[in-house]
Amino acid sequence: SDQHRRGRERGGSRPAAAIPVKAEPVVRGDLLAHLETYARLEAERRVTVLSRTTGLVERLRVEEGDAVRAGQVLVELNQEEASLQLRQAQAANSEAKANFERIRNLHQSNMVSQVEFEATRLSYENTRIGTEEAELNLAHTTIRAPMAGVITQRLVELGDLVRGNQEIFVVADLDLLLARVFVPERSMYQV
């Protein structure tokens, strides 16, 4: 027989043993498995709120566990220094604007050079940008929630000196929770 001859060709004197196989039709059904494990629920969306400027914490508006809405004020920093910087920038801008208007009128009458006119225009533009920057720094003294959620951590106290890029709060959206389940390899057949 063919099996007998193949068995001898491989160096063996007996034929290969036949393995019995039973074929079953494929059916759809439920697979029930039970595995007990531990998992920690964590917010899928979590944001660390950073300070964008330096200042002393004057007012804390929320505590850990408080629900907040997007844009809600969380903390207010002292605004004295930022207000002074804004007033200085506005004064410099007013002076540069008056100087620019005077030079522009003289330039239209060909009484000043193009170079002097351009230098005055750029100086005025720089002071205008400086004013916008000072306004932005003043606005950053009020720190707001970037999203709706729950305060999970408050990392500052009243009177603390906060620096730029310092973590202030952690806000988490608890509507979407995530459970990371780690299944041991020896239990994989149960799942």
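User: Which residues lie nearest the centre of the largest pocket, and how many residues line this pocket?

Analyst: The structure is a predicted model. Thr54, Gly55, Asn78, Glu81 and Ala82 lie nearest the centre of the largest pocket, and the full lining comprises 13 residues. As a general idea, rolling a probe the size of a water molecule over the atoms shows where empty space is left. Here the volume of the largest pocket is about 210 Å³.

User: Which elements give two or more residues to the lining of the largest pocket?

Analyst: They are strand E2 (55–60) and helix H2. H2 gives the most, with four residues.

User: How many residues of each class does the lining of the largest pocket have?

Analyst: The lining has eight polar, three nonpolar and two charged residues.

User: How should the packing of helix H2 and helix H3 be read: at what angle do their axes cross?

Analyst: One considers how closely the two axes approach and the angle between them. The axes of H2 (residues 80–108) and H3 (residues 114–139) come within 8 Å and cross at roughly 160 degrees. H2 is therefore roughly antiparallel to H3, since angles over 145 degrees count as such. The contact of H2 with H3 has 11 nonpolar, 13 polar and six charged residues.

User: Is the crossing of H2 and H3 left-handed or right-handed?

Analyst: H2 passes H3 in a left-handed crossing.

User: Turning to the strands, what is the order of the open sheet that holds E1?

Analyst: Strands of a sheet pair through backbone hydrogen bonds, either parallel or antiparallel. In this case four strands form an open sheet in the order E1-E8-E6-E3, and the pairing is antiparallel. Strand E1 (41–50) and strand E3 (67–68) are the edge strands, each pairing on one side only.

User: How many bridges join E1 to E8, and which residue in E8 stands opposite glutamate 42?

Analyst: E1 and E8 pair over nine bridges in the antiparallel sense. Leucine 178 in E8 stands opposite glutamate 42.

User: How many bridges are there between E6 and E8?

Analyst: Strand E6 (residues 149–154) and strand E8 (residues 167–179) pair over four bridges, again in the antiparallel sense. Isoleucine 151 stands opposite valine 171 in E8, while the bridge partner of arginine 154 in E8 is phenylalanine 169.

User: In what sense do E3 and E6 pair, and which residues in E6 stand opposite alanine 67 and valine 68?

Analyst: E3 and E6 pair in the antiparallel sense over two bridges. Alanine 67 has valine 150 of E6 opposite, and valine 68 has glycine 149 of E6 opposite. As a general point on reading such strands, in a regular strand the side chains alternate between the two faces of the sheet.

User: What is the order of the open sheet that contains E2, and which strands are its edge strands?

Analyst: This open sheet has four strands in the order E5-E4-E2-E7, with antiparallel pairing. Its edge strands are strand E5 (142–144) and strand E7 (161–162), each of which pairs on one side only. E2, which also contributes to the lining of the largest pocket, is joined to E7 by two bridges, and the two strands run antiparallel.

User: Which residue in E7 stands opposite leucine 56?

Analyst: Leucine 161 in E7 stands opposite leucine 56.

Conventions
Residues are numbered from 1 along each chain as its sequence is written. This is a predicted model: local features need pLDDT of at least 70, side-chain atom pairs count only at pLDDT 80 or more; totals for chains, interfaces and linings use all residues. Side-chain values use heavy atoms; hydrogens and water are left out. Axes are lines fitted to C-alpha atoms, for helices over the stretch in contact, and angles run from 0 to 180 degrees between N-to-C directions. Angles under 35 degrees count as roughly parallel, over 145 as roughly antiparallel, 65 to 115 as roughly perpendicular and the rest as oblique. A crossing is left-handed if the near helix is turned anticlockwise from the far one by less than a right angle, and right-handed if clockwise. Ala, Val, Leu, Ile, Met, Phe, Trp, Tyr, Cys and Pro count as nonpolar, Asp, Glu, Lys and Arg as charged, and the others, Gly among them, as polar. On a 1 Å grid over the protein atoms alone, a cavity is a set of points where a 1.4 Å probe fits but cannot get out, and a pocket is an open set with protein on both sides within 12 Å along at least five of seven lines; lining residues have an atom within 4 Å of a point. Grid points are joined across faces, edges and corners, and a volume is the space filled by probe spheres set on the points. Two strands pair if DSSP finds at least two bridges between them.
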